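Got your viewer open? Let's take a walk through this structure, one selection at a time.

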Amino acid sequence: MNTDFVIETENLTKVFRGELGQKDVTALQGLELKVERGRVYAFIGPNGAGKTTTIKLLTRLLFPTSGNIKILGVENSNPDAMLKVGYLPEQPGIYGYLTGEEFLDYIGRLFKIPPDVRKKRTADLLELVGIQRAKHTLVRNYSRGMTQRLGLAQALINDPELLILDEPMANLDPVGRRDFRDLILKMKDEGKTIFFSSHILSDAETIADQIGLINRGRLIKSGSLDELLSLQASDVEILFSLPENKFSEIKGGLDQEYQMHSSGRVRVTIEKDKVKSFLKKVDKWGGTLISVVPASQTLEAFFLDEIGR
């Protein structure tokens, strides 16, 4: 295995044994995962694809049926592999009769952080995640969004090199999601590696350097965002507007798929070598050209195309 990767798996397989009379379930099969240092890696896939199972294997909450895992160059069969890892589960189970400050102090003691360092780091993290005003409030009185923020703070208490986050933005409102995205990018700027699962594709597309797409326990695509959503060099997207009541007259001249907007704007995607002749048509129709740009694929379109296959 290569030490340049902070996460690396080889032929990782997990089979859940069925109860009496039930078939075994293969949750992961031959997973080959590589996450480079200093990157934000989004792990996406439909429900039941194996995202959470993978994360539980990486964090030693489950153990593989076969295969190998290395975390920060250490075999994760060794508990020391987790010393520089921060983990946020999808549903943080935080004891409700501690205050936010007490909870972070408790987690710091588990990592044997000295008292003076623990006190300062607790205060800094509560401010970082935006819940310093609730530091003396019992966690059972926190909202779901506040609990999620506290969960991120505990994942950072040991100043980890690697953050593993399971659906970190699932319980947040739009403001909370924006704040979480900003925090993840801040962690990246500090040199940390972030591995997170998500079904919110817009979040993954906004902040991820690398994408891994898993389906039915197999990693079917992995690479940089630019590689997976590469520009379609042969296609061009043209946006133009038409005079009122003109659209019905020119529909016959549109051999391509098109989108018609209520404002009278029309968007078409055509092959690069047909652009010149098509622009002549737009001029003939009395249309006004707005833009001509290379056509690119969205993460949502990529996801649906791959899963559909």
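Before we start, one term: two strands count as paired if DSSP finds at least two bridges between them. Also keep in mind that this is a predicted model.

**Stop 1: the six-stranded sheet**

Select S7, S8, S9, S4, S10 and S11, in that order: these six strands make an open sheet with mixed pairing. At the edges you'll find S7 (85-88) and S11 (218-224), each of which pairs on one side only. Follow the sheet across and you'll see it twist, by 15° on average from one strand to the next.

Now zoom in on S10 (residues 210-215) and its neighbour S11, which run antiparallel and share six bridges. Which residue of S11 is the bridge partner of Leu213? Click on Lys221, because that's the one. In general, the strands of a sheet pair through backbone hydrogen bonds, either parallel or antiparallel.

**Stop 2: helices on that sheet**

Next, select H5 (residues 174-189). This helix packs on the sheet and touches S4 (40-44), S7, S8 (162-166) and S9 (193-198). Its direction makes about 150° with that of S9.

Then add H10 (residues 299-308), which also packs on the sheet, touching S4, S10 and S11. Here the angle to the direction of S10 is about 30°.

**Stop 3: the two sides of H10**

Stay on H10 and show its side chains. Leu299, Phe302, Phe303 and Glu306 are buried. Why do they line one face of the helix? Look down the axis of H10: the buried residues fall within an arc of 100°, so one face is where they sit. This fits a general rule: an α-helix has 3.6 residues a turn, so residues three or four places apart point the same way.

Now colour Leu304 and Gly308, which are exposed on the other side of H10. What covers the buried residues? Among the elements doing that are S4, H6 (201-207), S10, S11 and H7 (225-228).

**Stop 4: the four-stranded sheet**

Finally, select S13, S14, S12 and S15. In that order they form an open sheet, and the pairing is antiparallel. S13 (258-260) and S15 (288-294) are the edge strands, each pairing on one side only. The twist averages 15° from one strand to the next.

Zoom in on S12 (residues 235-241) and S15, an antiparallel pair with six bridges. One spot to click is Ser241, whose bridge partner in S15 is Thr288.

Last selection: H9 (residues 275-284). This helix lies across S12, S14 (265-271) and S15, and runs at about 10° to S12.

Note on methods: Residues are numbered from 1 along each chain as its sequence is written. This is a predicted model: local features need pLDDT of at least 70, side-chain atom pairs count only at pLDDT 80 or more; totals for chains, interfaces and linings use all residues. Side-chain values use heavy atoms; hydrogens and water are left out. Helices (H or I, at least four residues) and strands (E, at least two) are DSSP runs, numbered from the N terminus. Axes are lines fitted to C-alpha atoms, for helices over the stretch in contact, and angles run from 0 to 180 degrees between N-to-C directions. Contact means heavy atoms within 4.5 Å. Buried means under 20% relative accessible area, exposed over 50%, partly exposed in between (1.4 Å probe, protein chains only). The arc is that of the directions from the helix axis to the C-beta atoms.
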